[in-house]
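Hi everyone, thanks for coming. Please bring up the model on your screens, and let's walk through it together.

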Amino acid sequence: MNKKKALLVASIALMSSVGTVASAETVGETTSSVNIQGGDLTLEKWAQTLAFKTVTLNDLSQGPVTRTVTLPAGSFVVNNLTGADQTWSLAAGVTTFSDGTNQFDGSLALGDAQNKLVATPDLSGMKAITTQTTPTTLTGHVWQSKAMDAYLTVPATAGLGHYQATIRYQLQQGVGQGE
């Protein structure tokens with residue numbers, strides 16, 4: 001064989017050993033999904049302290065004394081991430097005011113002087129202080145309280161001392177207790 005023919009045959013043999021390249025594209029598909037479920041209805045913020053002005057024995061000599069504290073707007077915040085419009089109540093309960101030896105029921109009221117909480121040792125006297133409905137829109141799912149007053153009536157029979165009580169707040173779905 002001559003050199004030209006041998007070179008041509010070698011070239012053809014080399015080309016055929018490289019293999020064939022697929023001309024069709026391979027395509028794959030995957031289905032993707034995600035569930036989005038409702039979250040919680042939560043009390044995000046509440047009044048941390050109610051510090052009433054001092055009552056003196058001079059004040060009490062005239063009879064029971066009522067003191068008022070104004071809670072600023074936003075003292076209570078409720079977040080509705082349930083995925084549905086929610087009617088809920090914010091309830092509060094209070095223990096008796098005590099100085100460790102002496103006590104009184106305090107007649108504590110929140111939001112309205114007539115909305116007096118029932119003082120119980122175990123905070124079981126929960127009473128609604130507001131009922132609201134919050135939607136789940138991107139901007140409407142957060143409720144913030146308006147400015148409100150808290151009232152404490154100290155009976156004329158209270159003695160000297162530093163009195164404290166515990167207040168518990170509870171978020172309840174629907175119309176709450178005490179309404």
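Let's begin with one residue, Leu108. Its relative accessible area is 0%, which is below the 20% cut-off, so Leu108 counts as buried. Keep in mind as we go that this is a predicted model.

Where does Leu108 sit? You'll find Leu108 in the loop between strand S6 (103-104) and strand S7 (109-110). Leaving aside residues up to four places away in sequence, Leu108 touches Leu50, Phe52, Val94, Asn115, Lys116, Leu117, Tyr151, Leu152 and Ile167. Now find Phe97, which is eleven residues from Leu108 along the chain; their C-alpha atoms are separated by 9.6 Å.

Let's step back to the whole protein. The secondary structure comes to two helices and eleven strands. In sequence order, the pattern reads α-β-α-β-β-β-β-β-β-β-β-β-β. The protein has 179 residues, and 34% of them are buried. How much of the contact total comes from residues 24 or more positions apart? Taking the contacts with a separation of 6 or more, such residues account for 83%.

Next, the strands. One open sheet has three strands in the order S8-S4-S11, with antiparallel pairing. Strand S8 (127-134) and S11 are at the edges with a single partner strand each, so each has one side without a neighbour in the sheet. From one strand to the next, the twist averages 20°. S4 and S11 pair in the antiparallel sense over seven bridges, and if you look across, Ser89 stands opposite Gln172 in S11.

While we're here, have a look at Gln86, which is found in strand S4. Is Gln86 buried or exposed? Its relative accessibility is 14%, so Gln86 counts as buried. Apart from residues up to four places away in sequence, Gln86 touches Leu41, Asn80, Gln132, Thr133, Thr134 and Gln173.

Two of those contacts, Leu41 and Asn80, take us to another sheet, because Leu41 stands opposite Asn80 in S3. This is an open sheet of three strands in the order S1-S3-S9, again with antiparallel pairing. Its edge strands are strand S1 (41-45) and S9, and each pairs on one side only. Neighbouring strands here are turned by 20° against each other on average, direction ignored. S1 and S3 run antiparallel and are joined by four bridges.

Now turn to S2. Here's a helpful idea: in a regular strand, side chains alternate between the two faces of the sheet. In S2, the covered face has Val65, Arg67, Val69 and Leu71, while Thr66, Thr68 and Thr70 make up the uncovered one. S2 is joined by seven bridges to strand S10 (residues 148-154), and the two run antiparallel. Arg67 stands opposite Leu152 in S10.

You may remember Leu152 as one of the residues that Leu108 touches. Leu152 also turns up in the largest pocket, which holds about 750 Å³ of space. How many residues line that pocket? The lining has 29 residues, and Phe52, Phe97, Leu152, His162 and Tyr163 lie nearest the centre. The elements that give two or more residues to this lining are helix H2 (57-60), S10 and S11.

Last topic: aromatic rings. The count comes to four aromatic pairs. Take Phe76 and Tyr169: their ring centres are 5.0 Å apart and their planes are at 70°, so this pair is edge-to-face. It links distant parts of the chain, with Phe76 in the loop between strand S2 (65-71) and strand S3 (77-80) and Tyr169 in strand S11 (residues 167-173), 93 residues apart. Phe76 and Tyr169 are both buried.

Trp88 and Trp143 form another edge-to-face pair, at 5.1 Å centre to centre with 70° between the planes. They also link distant parts of the chain: Trp88 is in strand S4 (residues 86-94), Trp143 is in strand S9 (residues 142-144), and they are 55 residues apart. Trp88 and Trp143 are buried too.

Finally, Phe97, Phe104 and Tyr163 form one aromatic cluster. Two of these names should ring a bell: Phe97 and Tyr163 are among the residues nearest the centre of the largest pocket. Thanks for listening!

Note on methods. Residues are numbered from 1 along each chain as its sequence is written. This is a predicted model: local features need pLDDT of at least 70, side-chain atom pairs count only at pLDDT 80 or more; totals for chains, interfaces and linings use all residues. Side-chain values use heavy atoms; hydrogens and water are left out. Rings of Phe, Tyr and Trp (its six-membered ring) pair if their centres lie within 6.5 Å; planes under 30 degrees apart count as stacked, over 60 as edge-to-face and the rest as tilted. Buried means under 20% relative accessible area, exposed over 50%, partly exposed in between (1.4 Å probe, protein chains only). Axes are lines fitted to C-alpha atoms, for helices over the stretch in contact, and angles run from 0 to 180 degrees between N-to-C directions. Contact means heavy atoms within 4.5 Å. On a 1 Å grid over the protein atoms alone, a cavity is a set of points where a 1.4 Å probe fits but cannot get out, and a pocket is an open set with protein on both sides within 12 Å along at least five of seven lines; lining residues have an atom within 4 Å of a point. Grid points are joined across faces, edges and corners, and a volume is the space filled by probe spheres set on the points.
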